[in-house]
Amino acid sequence: MLSTRRRWTVLAVCCLSMFLVGLDTTIVNVGLPAIGRGLDVDTRGLEWIVDAYTLVLASLLISSGALADRFGRRRVFQCGLAVFGAASLLCALAPSAGVLIAARALQGIGASMLSPVALAIVVNTMPDPKERAQAIGIWASVFGLSMAAGPVTGGALLAGLDWRALFWINAPVIAAALLLSAVFVPESRAQRARRLDLPGQVLLTMVLAAVVGVLIEGPRIGWTSPAALAGYAWAAVATAGFVWVESRRREPLMDPRLFGRPVFSGAVVGAVAVFVALNMTLLLNTLYLQHTREWTPLAAGVAALPLAVGATVCAPWSGRMVGRTGPRLPLLLAGGFITVGGLCLVRLTPHTSVLLLLAAYSLIGIGFGFANAPITNTAVNGLPPARAGVAGAITSTARQLGSALGIALAGGLVTATSPRGLPHASRPGWILVAACGVLLFLVAHASRPREATTGPASPQAR
């Protein structure tokens, strides 16, 4: 067993990589207006710049987790860092929107080797359940901080540089993570690695691409156009095929039986809801403040600071609560804060009080901070430690699916909307943010049977 200092050093290295993945998910948001001007891209193209990353990331996370369990978690982790770094350089040098979208997709490939693998390394390094819960709380805090700090960091970079700096900044972080992982992170594998499920992987990618693609392109092609109807049919057939194939494979990409457990399926649904709420908030905030109120990117990024602070402070607190009492209380708190935060902005206008804006962002950030630890801990404890890569990958897939859906839905609401009309057009988005908070109450309710029968420190949880 590793010493206490070594275990927490490994956690720090994994958190560094997760900070990079989370930061790159949202740092681009605040730079979207600048990218649009620099590359002559409309709102629909900007959505693809964000979602090309999250869509590929969501599609490949589970396979990457299985690869790490088979070939070595540190090896796959370092490979992901290298791919992510190379793709970041391509993004920084992209001469056109098409090249940037392709480079963002390549970034997603690299990031898919980081997110589930980092969590698997943490889980296998921390054998004690209470220590593991605390570590996951810190991991969630760093991930939450990176997601929420992206707009602030992006705004600061854009204050003195152009949008390409949003990608150049990855280089020193990648170099540090590669060095530290080589020195401190031990190699580990699952005792019995799963086979790769290529049919399941292809079908999952088809499902996600169809759903996100229709949501992004729907406002342009028309929701009842032949192309849209073909997209609906593609999504339905691919989903049915995915369920049919996975239910008949000995080692499926995503075991349908896991979703028969209310706690696990609730955690997955909760992860989608939380990240829909977060990404809708970040994108609508960026477009509203920069287009409607004509704030600078730096000012728009600073406005997201209350969200970042709330997420950072509450995530480790939530991790300690999960370790002591289980997931229900932090999930209830998360649902309450996100619901109230969304409702605060339902009547958004071009002249809404800045104090109300900051209060709403703070409430949503607090809710986001409380949500991550119980969702992650519940999903990871639903499988043995040897399957930690798969468990982490499923919840990470749900998070990135939520991110992609949040961007697509928010962009669809405000596409082709004038700056003055944007606040009114975005109101349904804030209603949806509040609805995501309400959904967390249902997720918390679903966790009650497990708490009542096994408790947070039961053998099953271990």
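## Lining of the largest pocket

In this predicted model, the lining of the largest pocket is made up of 15 nonpolar and two polar residues, with no charged residue among them. The space in this pocket comes to about 430 Å³. Of its 17 lining residues, Leu204, Phe242, Met254, Phe259 and Leu401 are the closest to the centre.

Four elements each give two or more residues to the lining: α9 (198–221), α10 (226–248), α11 (262–292) and α16 (388–414). The most comes from α16, which supplies five residues.

## Salt bridge between Glu217 and Arg44

Side chains of opposite charge can pair when their charged atoms come close. The structure has two salt bridges. One of them joins the side chains of Glu217 and Arg44, with an N to O distance of 3.0 Å. Glu217 belongs to helix α9 and Arg44 to helix α2 (residues 43–71), so this pair ties together parts that lie 173 residues apart in sequence.

The two partners fall into separate accessibility classes. Glu217 has a relative accessibility of 13% and counts as buried, because the limit for that class is under 20%. Arg44, with a relative accessible area of 24%, is partly exposed.

## Salt bridge between Asp197 and Arg249

A salt bridge is also formed by Asp197 and Arg249, whose closest N and O atoms are 2.8 Å apart. Here the pair links distant parts of the chain, 52 residues apart: Asp197 is in the loop between α8 (170–184) and α9, while Arg249 is in the loop between α10 and α11.

Asp197 is buried, at 3% relative accessibility. Arg249 has a relative accessibility of 33% and is therefore classed as partly exposed, since this class covers values between the 20% limit for buried and the 50% limit for exposed.

Helix α9 recurs in these descriptions. This helix holds Glu217, gives two or more residues to the pocket lining, and follows the loop in which Asp197 is placed, between α8 and α9.

## Nonpolar surface patch

Leu89, Leu93 and Trp168 make a nonpolar patch of about 300 Å² on the surface. Leu93 is located in helix α3, which spans residues 73–93. The relative accessible area of Leu93 is 56%, so this residue counts as exposed, the cut-off for that class being over 50%.

Key
Residues numbered from 1 in each chain as written. Predicted model: local features only at pLDDT ≥ 70, side-chain atom pairs only at ≥ 80, totals over all residues. Heavy atoms only, no water. Patch = residues over 30% accessible without salt bridge, like charges linked within 9 Å, V, L, I, M, F, W, Y side chains within 5 Å. Areas by Shrake-Rupley, 256 points an atom, 1.4 Å probe, with all protein chains shown as cover. Salt bridge = Lys/Arg side-chain N within 4 Å of Asp/Glu carboxyl O. Buried < 20%, exposed > 50% of the residue type's maximum accessible area, 1.4 Å probe, protein only. 1 Å grid on protein atoms, 1.4 Å probe; cavity = no way out; pocket = protein on both sides within 12 Å on 5 of 7 lines; lining within 4 Å. Points joined across faces, edges and corners; volume = space filled by probe spheres on them. Nonpolar A, V, L, I, M, F, W, Y, C, P; charged D, E, K, R; others polar.
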